[in-house]
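Visitor: I'm new to this structure and would like a close look at one part of it. Could you pick a spot, stay with it for a while, and then show me what else is worth a glance?

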Amino acid sequence: MNSPISVSTLNTQIKSLLETTFINVSVEGEISNLTYHNSGHIYFSIKDEKSTISCVMFKGNAKYLKFRLEVGQKIIVSGTITVYTPRGSYQLMCSKIEPSGQGALALAYEQLKAKLQAKGYFDQERKKRLPLFPKKIALVTSPTGAAIEDMKKVATNRWPLIELVLIPTLVQGESSKFDIVDSIRYANSLDVDLIVVGRGGGSIEDLWAFNEEIVADAIFSCSKPVISAVGHETDFLISDFVADVRAATPSNAMEISLPDINENRIYLDNITMDFDNRLKNIIARKEVELKNMYSLFEQNSLDAKFNFISEQIKVLKERFTNLLRQNIQNKQSRIELLKEQLLLSNPDRKYKTGYAQLSINNKIVNLEELDLNDKVTLQTPKTIALCTIEEIKKQ
């Protein structure tokens with residue numbers, strides 16, 4: 001019979017055996033008992049229908065984990081078996097974790113997209129409108145990539161008046177996300193009208209910095225409008241959803257943000273022609289109105305009134321002259337008639353021998369009207385006789 005050994009010795013021997021035997025293992029299972037510790041370490045278990053094994057991923061490896069672990073998630077864990085001697089327990093120390101049946105980056109992308117959407121980062125109501133005629137644009141991109149040259153070329157051809165402010169930025173690699181965040185914040189502090197954040201095409205790993213949550217936070221916090229122009233038309237990054245406008249490519253960002261100078265020239269020509277035509281029509285209408293007003297003025301002017309009054313006076317004068325002439329003629333005719341009557345009534349012609357005017361109290365009477373004893377006057381142009389009627393004989 002062998003001599004007994006201590007518990008510590010046994011655990012040490014087991015530890016040596018396990019750690020030298022299971023140096024690099026890959027295990028598939030479902031996550032349970034998940035804990036994200038404040039230290040940055042991740043503690044969890046993976047299980048299948050019959051067994052469970054404890055796992056740990058220390059902070060040094062956890063910081064490279066692209067997606068967030070969730071209870072019930074099926075994963076593939078790579079690592080080494082370790083033994084904690086004081087307890088005699090063993091666990092799987094993870095160096096790498098991949099989602100089962102799905103890439104880590106793809107899962108991380110979907111997780112972050114769902115998280116930010118729930119926080120309202122993608123809401124259309126908060127999207128800022130791009131200025132119609134920007135004067136200055138900040139470009140957050142690499143100073144050496146093809147993207148900056150493409151943007152400069154399009155901007156120069158499209159709107160030469162624009163001022164581009166390049167903010168040299170690291171857009172690829174593990175630390176690029178921090179540089180992108182710093183550049184976005186700096187661009188937002190400048191006197192620019194909008195910010196373009198982008199880079200040319202590449203693999204999902206090359207573009208991954210634009211899928212990081214801190215980059216999304218930086219874009220969301222901008223007070224200036226932001227255009228996300230990352231990769232090619234088929235690439236959709238988290239920055240595309242958070243930004244106010246997504247551009248299919250960096251060149252497209254310039255096309256979206258800048259007016260076309262040739263279109264504006266045509267537009268200005270059309271406006272000028274339309275203005276000229278409208279002005280000519282207005283002038284023509286005003287000329288007609290002015291002529292009408294002048295005509296009315298002539299009709300109602302002092303000269304016109306004077307001429308009108310003169311004409312009226314002339315008419316009245318002619319009418320008065322005619323009336324006066326007619327009246328004079330009438331009076332002359334009347335005078336002639338009266339003259340003729342007077343001549344006919346002239347006593348020298350009226351009274352013949354044996355004839356005298358008979359009157360009583362200066363009232364001419366007929367002989368038939370006389371009564372006895374009436375005092376009558378007999379008168380000729382040259383003689384007056386006073387008589388008394390003594391006898392009347394009637395035939």
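Guide: Before we start, one term: contact here means heavy atoms within 4.5 Å. Keep in mind, too, that this is a predicted model. Our spot is Pro-259, which lies in the loop between helix 8 (250-257) and helix 9 (261-300). Setting aside neighbours within four places in sequence, Pro-259 is in contact with Leu-132, Phe-133, Pro-134, Arg-158, Trp-159 and Asn-264. At 12% relative accessibility, Pro-259 counts as buried, because the cut-off for that word is under 20%.

Take Trp-159 from that list. Pro-259 and Trp-159 are 100 residues apart in sequence, yet their C-alpha atoms are 6.4 Å apart in space. Trp-159 is buried as well, with a relative accessible area of 11%.

Now bring in Phe-133, another of the residues that Pro-259 touches. The ring centres of Phe-133 and Trp-159 are 5.8 Å apart and the planes stand at 45°, so this pair is called tilted. The two rings come from distant parts of the chain, 26 residues apart: Phe-133 sits in the loop between helix 3 and strand 6, and Trp-159 in the loop between helix 4 (146-158) and strand 7 (163-168). Phe-133 is partly exposed, at 48% relative accessibility, whereas Trp-159 is buried. So around Pro-259 you have a loop residue in contact with both members of a tilted aromatic pair.

How many aromatic pairs does a search of the whole structure find? Four. One of them is Tyr-121 with Phe-220, which is stacked, with 3.9 Å from centre to centre and 0° between the planes. This pair, too, ties together distant parts of the chain, 99 residues apart: Tyr-121 is in the loop between helix 3 (104-118) and strand 6 (136-141), and Phe-220 is in helix 6 (residues 213-220). Tyr-121 is buried, at 8% relative accessibility, while Phe-220 is partly exposed, at 29%.

Rings also gather in a cluster, made up of Phe-122, Phe-236 and Phe-241. Phe-236 has a charged visitor of its own: the charged end of Arg-246 sits over its ring, 3.8 Å from the centre. There is a similar arrangement elsewhere, where Arg-68 lies over the face of Tyr-36, at 4.0 Å from the ring centre.

Back to helix 6 for a moment, the home of Phe-220. The axes of helix 5 (residues 176-189) and helix 6 come within 9 Å and cross at roughly 5°, and therefore the two helices are roughly parallel to each other. On the helix 5 side, the residues that meet helix 6 are Lys-177, Phe-178, Ile-180, Val-181 and Ile-184. Their partners in helix 6 are Ile-214, Val-215, Ala-218 and Ile-219.

Next, the cysteines. A disulfide is a covalent bond between the sulfur atoms of two cysteines. How many disulfides does the search find here? Zero. Cys-55 is in none, and its nearest cysteine sulfur, that of Cys-94, is 4.4 Å away. Why is there no bond between Cys-94 and Cys-55? Their sulfurs, at 4.4 Å, are too far apart for one, because a disulfide needs the two sulfur atoms within 2.5 Å. Both residues are buried, Cys-55 at 2% relative accessibility and Cys-94 at 1%.

Let's finish with a stretch of strands and loops. Thr-377 lies in strand 13 (residues 375-379) and is buried, at 17% relative accessibility. Leaving aside neighbours within four places in sequence, Thr-377 is in contact with Gln-357, Leu-358, Ser-359, Ile-384, Ala-385 and Leu-386.

Two asparagines in the loops have an unusual backbone angle to look at. Most residues other than glycine have a negative phi. Asn-361, though, has a positive phi near 50°. Asn-361 lies in the loop between strand 11 (357-360) and strand 12 (363-364), where it is exposed, with a relative accessible area of 70%. Asn-373 also has a positive phi, of about 70°, although it is not a glycine. Its place is the loop between strand 12 and strand 13, and Asn-373 is exposed too, at 60% relative accessibility.

Definitions and conventions: Residues are numbered from 1 along each chain as its sequence is written. This is a predicted model: local features need pLDDT of at least 70, side-chain atom pairs count only at pLDDT 80 or more; totals for chains, interfaces and linings use all residues. Side-chain values use heavy atoms; hydrogens and water are left out. Rings of Phe, Tyr and Trp (its six-membered ring) pair if their centres lie within 6.5 Å; planes under 30 degrees apart count as stacked, over 60 as edge-to-face and the rest as tilted. Helices (H or I, at least four residues) and strands (E, at least two) are DSSP runs, numbered from the N terminus. Buried means under 20% relative accessible area, exposed over 50%, partly exposed in between (1.4 Å probe, protein chains only). A charge sits over a ring if NZ of Lys or CZ of Arg is within 6 Å of the ring centre and within 35 degrees of the ring normal. Axes are lines fitted to C-alpha atoms, for helices over the stretch in contact, and angles run from 0 to 180 degrees between N-to-C directions. Angles under 35 degrees count as roughly parallel, over 145 as roughly antiparallel, 65 to 115 as roughly perpendicular and the rest as oblique.
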